[in-house]
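Trainee: Before I use this model at the bench, I would like to go through the terms in its description. Please take them one by one and say what each rests on.

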Amino acid sequence: MSGYFILIILVLASVLIFQISKASEYVSVLKGEEKSFKQSNRINAFLFILFMVLGLAGAWWCNELLYDRTLLAQPAASDHGEKIDFMLWMTIIVTGIVFLLTQVLLFWFAFKYQYSEKRTSYFFPHNNKLELLWTVVPAIFLTVLVGFGLFYWFKITGDAPKDAQIVEITGKQFNWMMRYPGKDNVLGRKNYRLTDASSGNALGVDWEDGASHDDVEASEMHLVVGKPVQLVINAQDVIHDVGLVHFRLKMDAVPGIPTTLWFTPKYTTEQMKKITGNKDFVYEISCDQICGSGHYSMRGVIVVETQEEYDAWMSSKKPQYITVKEGAAPAAPAADSTAAAVTATMSKPLAQLK
Amino acid sequence: MSSETISHGHAAEASVHSHDSHEAHGHDHHHEESFLSKYVFSTDHKMIGKQFLITGIIWAIIGGLFSVLFRLQLGYPEASFPILEDLFGKWAAGGRISNEFYYALVTMHGTILVFFVLTAGLSGTFANILIPLQIGARDMASGFMNMLSYWFFFLASVVMFASLFIQTGPASGGWTIYPPLSALGQASEGSKLGMDFWLISMALFIVSSLLGGLNYISTILNLRTKGMSMTRMPLTMWAIFFTAVLGVLSFPVLLSGAVLLLFDRNLGTSFYLSEIVVKGEILPNEGGSAILFQHLFWFLGHPEVYIILLPALGMVSEILSVNSRKPIFGYLAMVGSLFAICILAFLVWAHHMFVTGLNPFLGAFFVLLTLLIAVPSAIKVFNWLTTLWKGNIRFTPGMLFSIGFISLFISGGLTGIFLGNSTLDIHLHDTYFVVAHFHIVMGVASFFGMFAGVYHWFPKMYGRFLNNTMAYIHFWVTLVGAYLIFWPMHYSGLAGMPRRYTDWSNWQSFNQFQDMNRFISTVAMIVFAVQILFVFNFFYSIFKGRKVTSTNPWGANTLEWTTPINPGHGNWPGDIPEVHRWAYDYSKDGREFIPQTEPIGAYESKH
């Protein structure tokens, strides 16, 4: 009902605006086009200056309000993330200066050079020195930004250290599945035609490959703080994207084309709870590439912990090969209760996995 | 150059004569044109332009309304709106927008606004109306092809509109329709019949765009009036020329991508599909590449954003100069920067793909070429600022929107420097930062260019003015609203908040922006209501607006203002005017403006 009420108010408001607009047109005809033109010109010129002042104040206010909710307010949780944050600040400063300069000039000129009978425009069709100035100066700034950007880009996308831990992450509608290579640090071969979730092989691992026999599967990612990790990223059905917002990283998961991503976590989950002042803090994996109707719910969890905690967790896990050969219930790493508590709110992906 | 110009002039005249005689035979003065030939299957470029514009306006209302609907979901995720269930049935069961419906709305909003409004509605309208009028031609090189161009667009519109009503809904994989999501009906409701409709509609749209584009190019190259050398053309003509070149060279690539996708969907091929298990079903396809589609798509997709933007750049330059009563500063630099943007537009497509697993070495070149675009963009901005400097500015509605355009172009352009840098893109890719960036620089800015054009050339189109008071309300609410909507989105983007989520309440990392989302949704509704006010003003003024009393109401130099107030088919009743100078002699030698048709005086100063 209230919807219709709002609609009626809107219609009435429109009629009112229309009547005023029509009336003002008649008034301007009566008053003389010249005079009403000058009046509205002054008003619009003033509004431009007002817009600039209020706009800048509003931008300041918006920053006060929202800054603490962004990641800028907390340190990056990975070494790559720190480089990205530095690059981000550099770009914010450079573009911020240009933004202020150009916007202020734009609105100031609009106000200052508003129509006046006394002035005639200055005929100024071109000036090569000026053109050269604003070709070269932006080019120099951009060269610096490109230089830093590419330097970090190659660092971040370069080869992972040899001792990096390997974790495989596979996306499907709408959850993530992890696989650890076990003691040999080699992931067993896969063949997508072998995929059969009902018999405990949701990832399509080829059990013929001996390297697969110690591979551990999980629904949650556990990482060791300070130890480089290389993610091997797959997708089963459509394109997904492994979004690691606190590590400032992201990589697509493409069916048929495995991708990789490496980084070193800097803080454990517990440390991040203190840093962010949020006792419910948890590293989340978000899907950042539209993947269907459940895209928004495709959430994964990463636990960053000390080596001891990690070893304790890992030793509680049984390799999937053994689980399957024992004919036990498929997949479902019922494992740790802490993880279950954390992910309880997101019943959908977990339920599907189970 | 000069001999070439003269020969062009002769060619134009020759074709004009043949056209004239055709006119004389075709339309006896005693007979009125039939309704069908005048308003429906018209070959008059002005009528075709109006057809594009009005179709574009209708699409803009639909596409804009879709954004209001999904902003309802984002702003008020807990609320239920029974009226939605009345209107949309199962798609909004219980008054709440379903996930499938949400993604369908997002996808259609993008598709409609990018292609049907800001491509067809913007360059279709102004290329058609302005090219013959500003270069001094009776009509397009091929009026018939031009008519076909509109009607293919109309067909594309019908197919896309029909897809909104099929049982499984329209396409819902995002306007970029990445396979395998768009290729597999099992993966999404929207990837069933709706996706085939989308692809067929797009194929028809591309035919329309090519017919139009080839016509624009050949008209500008061949039908310029005597004296209208390329370097005397108004910047609108250069912008539209480059737009057409971009479209002709890049749209066919999208067509090939779309056709291959149709094959994958319906004929069992594996261009984009490999090793797929969907909902437990193991598919036989192997050896395709999902990334191949992204290359084909963005090879059009990136030039496409310049197809949207360039006409706005051109019109803003023109309107800014006319209403500052000053020549545009650095005409040749403006043409050069348009040219540079046009070339670079083809060389940057993979910056949409930095996180697809693209070879980092290859990525480096795309970073360099992408950030290079900032240089011609900077040249344009500083040239516009210098055009305003020491001018004598009249704030007509067109001028207001032009100044608003520059502000938005700066704001959105600068965030492009973030996203084009691959290091930052790893963090910001597919977050709300991207949404804010492209809405400001491509969406709203191009809309401002379009509004500027409509307000400025409305008197030429309909012989009447739009209502000024409504125009001022329209401008100020839209400018303020655009910043209120998109400025805060940069912050949620810097929090890493992903795009295309219907609901963030289950996330620890992204649930802190609920109040902001509600605010944005409220502003979006107000801004939408004000656009409806504009549409009302538009249609009302066609019939009841204040009449134009002089042929040149803005005191502009370009040729369209030498035609009668309501030009007939053929534009000039007598001979086509001859051009003696460039379009920007404003405030020269103490004269406020000197039309292009006026010969250079003996004592005129040089520049």
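Mentor: Note before starting that this is a predicted model. Of the contacts in chain B with a separation of 6 or more, 79% are between residues 24 or more positions apart.

Trainee: What makes chain B as compact as a globular protein of its length?

Mentor: Chain B has 17 helices and 4 strands. Its radius of gyration is 25 Å, and the globule rule gives 25 Å for 607 residues, so chain B is as compact as a globular protein of that length. Along the principal axes, its C-alpha trace spans about 80 × 55 × 50 Å. Of its 607 residues, 62% count as buried.

Trainee: How does the radius of gyration of chain A stand against that of a compact globule of 354 residues?

Mentor: A compact globule of 354 residues would have a value near 20 Å, but chain A has 30 Å. The box filled by its C-alpha atoms is roughly 95 × 60 × 40 Å along the principal axes. Buried residues make up 38% of chain A. Its secondary structure comes to 9 helices and 10 strands. Among its contacts between residues at least 6 apart in sequence, 70% join residues at least 24 apart.

Trainee: How many residues of each chain are in contact with the other chain?

Mentor: 103 residues of chain A are in contact with 106 residues of chain B. A pair counts as in contact when the C-beta atoms lie within 7 Å. The elements giving two or more residues to the chain A side include helices H1 (2–31), H2 (33–66), H3 (79–112) and H4 (128–157) of chain A. Strands E6 (240–244), E7 (249–253) and E9 (283–287) of chain A are also among them. H4(A) gives the largest share, 16 residues. By type, the chain A side divides into 53 nonpolar, 36 polar and 14 charged residues.

Trainee: How does the span of H4(A) stand against the expected one?

Mentor: H4(A) has 30 residues, and 44 Å is expected at 1.5 Å a residue. From first C-alpha to last, the helix reaches 42 Å, which is close to that value. Its buried residues include Trp134(A), Leu142(A), Val146(A) and Trp153(A). Glu131(A) and Thr157(A) are also among the buried residues of H4(A).

Trainee: What do the buried residues of H4(A) pack against?

Mentor: They pack against H3 of chain A and against helices of chain B. The chain B helices are H10 (331–345), H11 (360–372), H12 (374–388), H13 (397–419) and H14 (422–428).

Trainee: Which strands of the open sheet in chain A are the edge strands, and what makes them so?

Mentor: The sheet has 5 strands in the order E3-E2-E1-E5-E8 (chain A), with mixed pairing. E3 (216–218) and E8 (259–263) of chain A each pair on one side only, and they are the edge strands. Neighbouring strands of the sheet are turned by 25° against each other on average, direction ignored.

Trainee: How do you know that E1 and E2 of chain A count as a pair?

Mentor: The cut-off is at least two bridges. E1 (residues 165–172) and E2 (residues 175–180) of chain A have 5, in the antiparallel sense. Glu168(A) stands opposite Arg179(A) in E2(A).

Trainee: What about E4(A) and E10(A): in which sense do they pair, parallel or antiparallel?

Mentor: E4 (residues 221–224) and E10 (residues 299–305) of chain A pair in the parallel sense over 4 bridges. His222(A) stands opposite Val303(A) in E10(A).

Trainee: Which residues cover the two faces of E4(A)?

Mentor: Met221(A) and Leu223(A) are on one side, His222(A) and Val224(A) on the other, and all are buried. In a regular strand the side chains alternate between the two faces of the sheet.

Trainee: Why is Gly287(B) called exposed?

Mentor: Gly287(B) has 10 other C-beta atoms within 10 Å, and exposed means 12 or fewer, so the term applies. Gly287(B) is found in the loop between E2 (281–282) and H9 (290–324) of chain B. Leaving aside neighbours within four places in sequence, Gly287(B) is in contact with Ser270(B) and Ser274(B).

Trainee: And why is Val259(B) called partly exposed?

Mentor: Val259(B) has 13 other C-beta atoms within 10 Å. Exposed needs 12 or fewer and buried 20 or more, so Val259(B) falls in between. Its place is in H8 (residues 235–266) of chain B.

How values were computed
Residues are numbered from 1 along each chain as its sequence is written. Chains are lettered from A and ligands numbered from 1 in the order in which they are written. The radius of gyration is taken over C-alpha atoms; the globule rule is 2.2 Å times the number of residues to the power 0.38. Two residues are in contact if their C-beta atoms, placed from the backbone, lie within 7 Å. Ala, Val, Leu, Ile, Met, Phe, Trp, Tyr, Cys and Pro count as nonpolar, Asp, Glu, Lys and Arg as charged, and the others, Gly among them, as polar. Axes are lines fitted to C-alpha atoms, for helices over the stretch in contact, and angles run from 0 to 180 degrees between N-to-C directions. The expected span of a helix is 1.5 Å times one less than its number of residues.
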